[in-house]
Amino acid sequence: MPDAASRVLIAADKFKGSLTAVQVAERVTAGLRRVVPGLAVESLPVADGGEGTVDAAVASGFERREVRVAGPLGREVTAAFALHGDTAVVEMAEASGLQRLPPGVRAPLTASTYGSGELLRAALDAGARVLVFGVGGSASTDGGAGMLSALGARFLDAEGEPVPPGGGGLAALARADLSGLDPRLASVELVLASDVDNPLTGPTGAPAVYGPQKGASPDDVRALDAALRHCATVLERAVGPRAAEYAASPGAGAAGGIGYGALLLGARFRPGIEVMLDVLGFAPALERASLVITGEGALDAQTLHGKAPAGVAAAARAAGKEVVAVCGRLELTPEALARTGIHRAYPLTEVEPDVARCIAQAGPLLERVAERIAREHLS
């Protein structure tokens, strides 16, 4: 076990609805140092490409840039991307996420990713040559058509008019023209960062799997699936057989199919947490650490499929480092945790069984959990 002279690396994701990744690191640090004063702690807030990805990049030293773009329903919102040198981290949820809809509103057929394309264009304008495009939490299921439109593509109906925004509007698509895409896209590296490997359509596609959480009824899901299949067919006439190949590729169904649009732009698909660990400089931080603390709001079955704590633990295990996790709620067995490389998990519910209180008092409870970790692993 590491002793009091050790260096602890905190590489945790957000506790959704309670604490940002930065706040998680601050609270854990406070608890650790209450038991081991002067303990060397390095914080590296992480994200898997979804909500919080830009914040994690900014916390690691990237510059936050804000621009006005279209939200999912067309109203302007202020969205941010992160820039460091010629690398930009762009989070589609900043422009086109569910949180950008008015409270209680869902628009599965009409929400658009146009603002995400505007955000990518703003990153190009800022001089980015490497675009890390984190996708997740989308309000839309438009196959990335809105994003492509903002970047210069045209999606036209039989009368030569632009089709209505959103996945539902693609049912009227007669012709797609990608010749007007921003020429700068041809000379940049575009990385599609996501923890989702679904294809575009079908029983495991974007409408069937993720449409319901965006408010899609069973009829909406069928309509969206048909519209996206139709869109891929029209695009095949425009750009050739690669349009069909991309539709079946892992990641095409990410974030309502925006992954498909990114693949059409030449993006390389990689698991989001792997990309972000590279971008955030995780490897050198890991080398300096004796103990790694990771975590997220809930450690459950989803954690095992590419979420941030699993990615952190896998990298740490490969480097021979001990890993423990903090979480609000724990739903994994010790055996499942061990398979990920996590030695032990410390849920807030062990301190406060009432889930509502855990959410409301997550900060102080996390400090108490961190004190316990310090006593058990650093004393």
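User: What makes helix α10 one that lies across β5, β6, β9 and β10?

Analyst: In this predicted model, α10 (residues 272–280) lies across β5 (87–91), β6, β9 and β10, in contact with them, contact being heavy atoms within 4.5 Å. Its direction is at about 90 degrees to β10; axes are lines fitted to C-alpha atoms, for helices over the stretch in contact, and angles run from 0 to 180 degrees between N-to-C directions. Helices (H or I, at least four residues) and strands (E, at least two) are DSSP runs, numbered from the N terminus.

User: Why is one side of β3 and of β10 left without a neighbour in the sheet?

Analyst: The open sheet has six strands in the order β3-β4-β5-β6-β9-β10, with mixed pairing. Strands pair if DSSP finds at least two bridges between them. β3 (63–70) and β10 (268–271) each have a single partner strand, so they stand at the edges.

User: How do you know that β3 pairs with β4?

Analyst: Eight bridges join β3 to β4 (residues 76–84), and the two run antiparallel. R68 stands opposite T78 in β4.

User: What makes the length of α1 agree with that of a helix?

Analyst: The expected span is 1.5 Å times one less than the number of residues. For the 15 residues of α1 (residues 21–35) that gives 21 Å, and the end C-alpha atoms are 22 Å apart, which agrees.

User: Why do the buried residues of α1 line one face?

Analyst: Seen down the axis, they fall within an arc of 170 degrees, so they line one face; the arc is that of the directions from the helix axis to the C-beta atoms. Among the buried residues (under 20% relative accessible area, 1.4 Å probe, protein chains only) are V24, V28 and L32.

User: What are the conventions here?

Analyst: Residues are numbered from 1 along each chain as its sequence is written, and side-chain values use heavy atoms, leaving out hydrogens and water. Local features need pLDDT of at least 70, side-chain atom pairs count only at pLDDT 80 or more, and totals for chains, interfaces and linings use all residues.

Key
Buried means under 20% relative accessible area, exposed over 50%, partly exposed in between (1.4 Å probe, protein chains only).
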